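Colleague: I have a few minutes before my next run. Can we go through this model together?

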Amino acid sequence: MIVIIALIWMIDRSEPYPLWPFLVTLAFCFRGYMEWKHIPEARRHRVSMILATISFSFTGLMILILLLKY
């Protein structure tokens, strides 16, 4: 998480980068993994994994749009 926070401060925010949604995807994956590993009986990790999948799809779509644009 420290690396993600450091990247947020270093990236130029004036242009769209697919790195932003990818960082959100990593956060959801990390949260889902930790929930699954430490509190599997709560089954809250399913929501985090679904959000990670949606976020990953959005990231892929954003990369596709940027590739077609340039």
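Colleague: Where does R43 lie?

Modeller: R43 lies in the loop between helix 2 and helix 3. Keep in mind that this is a predicted model.

Colleague: What is the phi of R43?

Modeller: The phi of R43 is positive, about 60 degrees, although R43 is not a glycine.

Colleague: On to the helices. How far apart are the end C-alpha atoms of helix 2?

Modeller: They are 28 Å apart. Helix 2 covers residues 19-38, and its 20 residues should span 28 Å at 1.5 Å a residue, so the two values agree.

Colleague: And how many residues has helix 3?

Modeller: Helix 3 has 25 residues and runs over residues 45-69. From first C-alpha to last, helix 3 reaches 36 Å, close to the 36 Å expected.

Colleague: Which residues of helix 3 are buried?

Modeller: H45, S48, A52, S55, T59, M62 and L66. The buried residues of helix 3 pack against helix 2.

Colleague: Which residues are buried on the helix 2 side?

Modeller: In helix 2 the buried residues are P21, L23, T25, G32 and E35.

Colleague: Take T25. What does the side chain of T25 make a polar contact with?

Modeller: With the side chain of S55, at 2.6 Å. T25 lies in helix 2, and S55 is one of the buried residues of helix 3.

Colleague: Why does T25 count as buried?

Modeller: T25 counts as buried because its relative accessibility is 4%, and the cut-off for buried is under 20%.

Colleague: What else is T25 in contact with, leaving aside neighbours within four places in sequence?

Modeller: On that basis, T25 is in contact with A52, S55, F56 and T59. Of these, A52, S55 and T59 are listed among the buried residues of helix 3.

Colleague: Now G32. Is G32 buried or exposed?

Modeller: G32 counts as buried, at 0% relative accessibility. G32 is found in helix 2 and touches H45, S48 and M49, not counting residues up to four places away in sequence.

Colleague: How far apart in space are G32 and L51?

Modeller: 9.2 Å, C-alpha to C-alpha, with their positions 19 residues apart in sequence. There is also A27, in helix 2: the C-alpha atoms of A27 and S48 are separated by 9.2 Å, and these residues are 21 apart along the chain. A27 counts as partly exposed, at 27% relative accessibility.

Colleague: Charges next. How many salt bridges does a search of the whole structure find?

Modeller: The search finds 2 salt bridges. E35 forms a salt bridge with R31, where the closest N and O atoms are 3.0 Å apart. The side chains of E35 and R44 also meet in a salt bridge, at 3.9 Å from N to O. Sharing partners in this way joins R31, E35 and R44 into one network.

Colleague: Why would side chains like that pair up?

Modeller: Side chains of opposite charge can pair when their charged atoms come close.

Colleague: Where do E35 and R31 lie relative to each other?

Modeller: Both lie in helix 2, 4 residues apart, which is about one turn of the helix.

Colleague: Of E35, R31 and R44, which are buried and which are partly exposed?

Modeller: E35 counts as buried, at 7% relative accessibility. R31 counts as partly exposed, at 48%, and R44 is partly exposed, at 47%.

Colleague: What is E35 in contact with, leaving aside its neighbours within four places in sequence?

Modeller: E35 is in contact with P40, R44, H45 and S48. H45 and S48 are also touched by G32.

Colleague: Last topic, the surface. Which residues form the nonpolar patch?

Modeller: F30, Y33, M34, W36 and M49 form the patch, with about 480 Å² of accessible area together.

Colleague: Which helix gives the most to the patch?

Modeller: Helix 2 does, with 4 residues. M49 is found in helix 3.

Colleague: You said G32 touches M49. Why can M49 be in a surface patch?

Modeller: M49 is partly exposed, with a relative accessible area of 34%. Patches take residues with over 30% relative accessible area, so M49 passes that cut-off.

How values were computed: Residues numbered from 1 in each chain as written. Predicted model: local features only at pLDDT ≥ 70, side-chain atom pairs only at ≥ 80, totals over all residues. Heavy atoms only, no water. Patch = residues over 30% accessible without salt bridge, like charges linked within 9 Å, V, L, I, M, F, W, Y side chains within 5 Å. Areas by Shrake-Rupley, 256 points an atom, 1.4 Å probe, with all protein chains shown as cover. Salt bridge = Lys/Arg side-chain N within 4 Å of Asp/Glu carboxyl O. Helix = DSSP H or I, 4+ residues; strand = E, 2+ residues; numbered from the N terminus. Buried < 20%, exposed > 50% of the residue type's maximum accessible area, 1.4 Å probe, protein only. Expected span 1.5 Å × (residues − 1). Polar contact = N/O pair within 3.5 Å; in protein donor to acceptor, adjacent residues only side chain to side chain. Contact = heavy atoms within 4.5 Å.
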